[in-house]
Amino acid sequence: MVELAGLGPGPFAAMLLADLGADVVRVDRPGGTDLAVDPAYDVTNRNKRSIVVDLKAPDGPARVLDLAERADILIEGYRPGVTERLGIGPADCHARNPRLVYGRMTGWGQDGPLAQRAGHDVSYIALTGTLGMLGRPDEPPTVPANLLGDYAGGSLYLVVGVLAALHHARATGTGQVVDAAIVDGTAHLSTMIHGMLAAGGWQDRRAANLLDGGCPYYGTYETADGRYMAVGALEGKFYAEFLRLLGLDDLASARKDWTRWGELRERIAAAFKSRTRDEWTAVFEGSDACVAPVLSLREAPAHPHLAARGTFTDHGGITQPAPAPRFSATPTAVRTGPARPGADAAAVARDWGTPARPTDDHDDLVTDGG
């Protein structure tokens with residue numbers, strides 16, 4: 001697989017495929033990207049190899065086409081039309097390799113009025129209606145980092161798309177272009193909610209519904225030490241267990257009575273404020289009340305369940321999420337740390353059978369720190 005270096009969803013999608021065993025060659029630019037992270041810590045480049053190609057140099061496009069000729073998949077994240085102008089667009093690549101799956105990762109998509117406009121995760125999810133769902137009703141919408149748009153609506157849909165297209169290519173001998181737009185994927189994530197909206201079971205406003213923080217037994221509460229507990233006691237039996245352990249059995253009848261949800265929320269909030277997060281964690285330990293402590297990024301790897309499963313791993317001194325999902329016959333692993341720009345040029349030329357350049361053996365030295 002060939003990855004034309006970019007930011008955000010493209011590198012993450014390529015990392016996921018690399019985690020699953022793909023031989024991913026990342027084509028980095030001279031001078032690197034605009035990401036303000038030392039390449040040694042950019043774990044989205046783990047399990048990959050890197051070469052440096054100046055796509056505007058006379059031999060730049062030919063070097064990419066040499067790789068595309070031998071690849072199953074190529075992904076890029078430029079604005080529409082950029083790779084065509086560089087001479088490495090879908091038609092150029094398919095002329096060399098008709099079986100190639102050409103994955104395109106953008107925010108707005110390959111067409112439409114906004115296709116040529118700049119944007120970021122928050123811009124894309126804003127137009128889909130999903131950002132407007134998040135947060136308290138009396139506050140601005142809550143920005144969910146770049147997880148909802150870039151990675152859920154973008155990377156994961158690109159991966160699903162290229163794998164489906166690869167299956168088709170192997171069955172028919174014909175590749176195709178996969179247009180993965182963050183606006184499309186993020187909108188698609190809200191399919192169930194649109195159905196509920198049409199049925200009258202979802203209000204088109206924040207924190208007024210069962211799953212968006214409007215329900216007092218599905219949300220988060222502050223504890224005595226300024227930390228938080230997450231509550232998801234939706235079903236009747238889980239709700240009853242939740243109230244029992246919280247000491248609020250007298251509120252059993254308030255579960256489906258919306259007129260009492262204000263009272264219910266206040267009582268639950270007051271109860272949680274009476275003890276620390278760790279004390280409440282001990283109270284709910286081993287129960288089916290669907291209550292869990294809200295952990296920080298640094299706390300999460302040490303949680304007993306995640307530690308037992310190896311949900312996080314340490315590689316090269318960097319604690320990071322382990323590959324997912326898991327396979328019974330072909331287990332995954334973090335095989336190598338972040339690929340350094342240009343460090344693998346000679347090995348890639350050898351393994352892929354592409355023409356080598358005299359400077360390939362020294363690309364890592366030329367680009368180090370760039």
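In this predicted model, helix α9 (residues 236-246) and helix α11 (residues 277-284) have axes that come within 10 Å and cross at roughly 125 degrees. Angles from 65 to 115 degrees count as roughly perpendicular and those over 145 as roughly antiparallel, and α9 and α11 are therefore oblique to each other. The crossing of these two helices is right-handed. On the side of α9, the contact is made by Phe242, Leu245 and Leu246, which meet Trp280, Val283 and Phe284 of α11. Of the residues in this contact, six are nonpolar, while none is polar and none is charged.

Helix α11 also takes part in the packing around a sheet. Three strands, in the order β7-β8-β9, form an open sheet with antiparallel pairing. Its edges are formed by β7 (218-222) and β9 (291-293), each of which pairs on one side only. On average, and with direction ignored, neighbouring strands of this sheet are turned by 20 degrees against each other. Strand β8 (residues 228-232) runs antiparallel to β9 and is joined to β9 by three bridges, and Val231 stands opposite Val291 in β9. Against this sheet packs α11, which touches β8 and β9 and whose direction makes about 30 degrees with that of β8. The loop between α11 and β9 contains Cys290, a residue that has a positive phi of about 60 degrees although it is not a glycine.

A second open sheet consists of six strands in the order β3-β2-β1-β4-β5-β6, and its pairing is parallel. Here the edge strands are β3 (48-52) and β6 (176-181), each pairing on one side only. From one strand to the next, the twist of this sheet averages 20 degrees. Strand β5 (residues 101-106) pairs with β6 in the parallel sense over six bridges, and Arg104 has Asp179 in β6 as its bridge partner. Two helices are placed against this part of the model. Helix α7 (residues 182-189) lies across β5 and β6 and runs at about 65 degrees to β6. Helix α13 (residues 345-352) packs on the sheet as well, where it touches β1 (2-4), β2 (24-28) and β3, and its direction makes about 105 degrees with that of β3.

The length of helix α6 can be compared with an expected value. With 26 residues, from 147 to 172, and at 1.5 Å a residue, α6 should span 38 Å, and the 35 Å that separates its end C-alpha atoms agrees with this expectation. Helix α6 is followed by Gly173, whose phi is positive and near 80 degrees. In the loop between α5 (121-128) and α6 lies Ala145, for which phi is near 50 degrees, a positive value in a residue other than glycine.

The backbone geometry of such loop residues can be set against a general background. Most residues other than glycine have a negative phi, and most peptide bonds are trans. Against the first of these tendencies stand the positive phi values of Ala145 and Cys290. With respect to the second, the peptide bond from Ala324 to Pro325 is cis, with omega near -5 degrees, and Pro325 is found in the loop between β11 (318-321) and α13.

Conventions:
Residues are numbered from 1 along each chain as its sequence is written. This is a predicted model: local features need pLDDT of at least 70, side-chain atom pairs count only at pLDDT 80 or more; totals for chains, interfaces and linings use all residues. Side-chain values use heavy atoms; hydrogens and water are left out. Helices (H or I, at least four residues) and strands (E, at least two) are DSSP runs, numbered from the N terminus. The expected span of a helix is 1.5 Å times one less than its number of residues. Axes are lines fitted to C-alpha atoms, for helices over the stretch in contact, and angles run from 0 to 180 degrees between N-to-C directions. Angles under 35 degrees count as roughly parallel, over 145 as roughly antiparallel, 65 to 115 as roughly perpendicular and the rest as oblique. A crossing is left-handed if the near helix is turned anticlockwise from the far one by less than a right angle, and right-handed if clockwise. Contact means heavy atoms within 4.5 Å. Ala, Val, Leu, Ile, Met, Phe, Trp, Tyr, Cys and Pro count as nonpolar, Asp, Glu, Lys and Arg as charged, and the others, Gly among them, as polar. Two strands pair if DSSP finds at least two bridges between them.
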